[in-house]
Amino acid sequence: MAAELLRDEILVGGHWRRGTGPVIESVNPATGSVFATLTAATPEDVDEAVTAGLRAVSASGWAEKLPHERALVLRRIGDAIDEHSAEIGALQTMDTGKTLSETTALARSAAGTFRYVAAALETLEEAITPRRGSALTLSTWEPMGVVGAITPWNSPIASDAQKIAPALAAGNAVVAKPPVWAPWVTLQLARIAETAGLPTGLLSVLPGPGRTVGEALVAHPQISKVSFTGGTDTGRHLAGVAAQKLMPVTLELGGKSPTIVFEDADLTQAVAGLLYGIFSSSGQSCIAGSRIFVQRGVEEELVRRLAEATAQLTVGPGSDPRTQVAPLITHSHRDRVAEMVQRAVDDGARLLVGGAPPSDPELAAGAYYLPTILTDVKNSDWICQEEIFGPVAVLLTFDDEEDLVRQANDTIFGLASGIWTSDYRRAWRIARRIQAGTVFVNTYKQFSISTPFSGRHASGLGVEKGREGIRSYMHQKSIFIDTSGEPLPWAADQARASDAG
Ligand code: NAD
């Protein structure tokens, strides 16, 4: 790993320098060993970054640049990310434990995000609205100023790009706050952006604790918007802080997504999809298909096949190309997942498969946990209602569509859902009735930057991705331009008054 990728420096308003906060120890989850230290940012660094961002927006003329001029820089950043995708993937695998195939794919998807946003920006139209009088009426869009981007640890680079690219495209400066558990690729992204020609000071990267650095960013009077991805409790709290400033926020939060297998499904495909839906990324995915619903008629066969296939998944380090289930982000998170499973078992759930760290001594030092399925639970049990954010699914049954829809929608969340059936009319019916931002039919965990993404209820507020993703970082303005030259209604009165005077 190139030493410069792990330099103890953060990016504050165009200056690479040490943070002034606590020291973060970065641990490789596959081995438990510390591979780097980083001095975190503080609220003072936030203030410096925001002030520099405001200065940079006007000094560089970024906000005034024409869309195709900003797009040129964004496209270059996308291409440069692609060129560095192997290096970014290796860095992220070391930091998060994820498989190399996934982290490299995340880097490529971040590159695609910058290029999509560039293309969308060049073709984003403003509107001449229908006339209701003599004025020409226009609806235009303007940058907001400096925006904050707060991201979680589970998909760094992809979640960074999803916020930073559209926010920059919209003509803003960005202060990004990556998580303490995975700060390195966001810093690398900033180096790449700098080299690709992003004006100095437009992007700051301030890794640090949420309670100090994140909180200061959201509360800062000159931050005009915050886009946040993370847990529902944190999102609720941030919405409260933002409400005091009347500041817009986009919140991408947690989930407990139902994946549903009907009796007429292709069970081979369904089993593969269920496994991938919950156990890829070791279940540390907001859209993880963590509540599996099986129609009664295929319960026995599906349970048998699912248990066998789960037990055969390859658990190992993310750097090994054979690995399907890599370690969790930290040992403490792994212990939290294990504790939740144990509590559910104590409350009456039955372990169908998994439920412990792997016994392989070669994996003993890593933050591993076996892919786990719990049965003998009811949808109303806490284990079926709380997000675990680990490789753990609950298995539930249903009789018919009514029973399924009632159970699937009985949750505080509304992020994603999967439907496995060979009847497309049924798929259409159920897709429309499930309360979720995204529904997958006979597939799962497909991502597309050109397709809007959002959560309902406790899963979030606002939309990311797609063309509207850029507009969410802009203010809309209406402009009325008189074209007739006719006297205004009160002009005649004024003329009479001035004649009389
Ligand atoms: P988290 O809420 O603990 O932290 C997310 C980010 O917020 C981190 O950068 C953290 O430092 C920061 N933060 C924490 N407290 C803060 C505060 N008081 N003020 C400002 N910032 C603060 O979440 P996490 O554990 O890092 O991530 C896992 C969660 O993220 C899961 O619930 C998962 O479902 C969710 N997630 C959602 C999506 C989505 O698109 N809906 C995507 C990925 C992850």
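Me: Which residue has a polar backbone atom 2.7 Å from a nitrogen atom of the ligand?
Reply: Keep in mind that this is a predicted model. A polar contact here needs a pair of N or O atoms within 3.5 Å. A ligand nitrogen and a polar backbone atom sit 2.7 Å apart, and the residue that supplies the backbone atom is Leu253.

Me: And how much of the ligand's accessible area does the protein cover?
Reply: Taken on its own, the ligand has 850 Å² of accessible area. With the protein in place, the covered share of that is 85%.

Me: What distance separates a backbone N or O atom of Gly231 from an oxygen atom of the ligand?
Reply: Two glycines come up when you look at backbone atoms by the ligand. Gly210 has a backbone N or O atom 3.3 Å from a ligand nitrogen. For Gly231 the partner is a ligand oxygen, and the distance is 2.8 Å.

Me: Which elements each supply at least two residues of the shell around the ligand?
Reply: The shell has 25 residues, with Thr151, Glu215, Thr234, Leu253 and Glu387 the closest. By class, 11 are nonpolar, 10 polar and 4 charged. The elements that each give at least two shell residues are α7 (210-219), β10 (223-229) and α8 (232-245).

Me: Which domains does the shell draw at least three residues from?
Reply: The protein splits into domain 1 (1-253 + 459-480) and domain 2 (258-441). At least three shell residues come from each of them, so to speak a joint effort by domain 1 and domain 2.

Me: How many residues of domain 2 are in contact with domain 1?
Reply: The C-alpha centres of domain 1 and domain 2 are 31 Å apart. Across the contact, domain 1 puts in 18 residues, and domain 2 puts in 25.

How values were computed:
Residues are numbered from 1 along each chain as its sequence is written. This is a predicted model: local features need pLDDT of at least 70, side-chain atom pairs count only at pLDDT 80 or more; totals for chains, interfaces and linings use all residues. Side-chain values use heavy atoms; hydrogens and water are left out. A residue is near a molecule or strand if one of its heavy atoms lies within 4 Å of it. A polar contact is a pair of N or O atoms within 3.5 Å; within protein, one must be able to donate a hydrogen and the other to accept it, and residues adjacent in sequence count only if both atoms are side-chain atoms. Accessible areas come from the Shrake-Rupley method with a 1.4 Å probe; for residues, only the protein chains shown count as cover. Helices (H or I, at least four residues) and strands (E, at least two) are DSSP runs, numbered from the N terminus. Ala, Val, Leu, Ile, Met, Phe, Trp, Tyr, Cys and Pro count as nonpolar, Asp, Glu, Lys and Arg as charged, and the others, Gly among them, as polar. Domain bounds come from an automatic or database domain assignment. Contact means heavy atoms within 4.5 Å.
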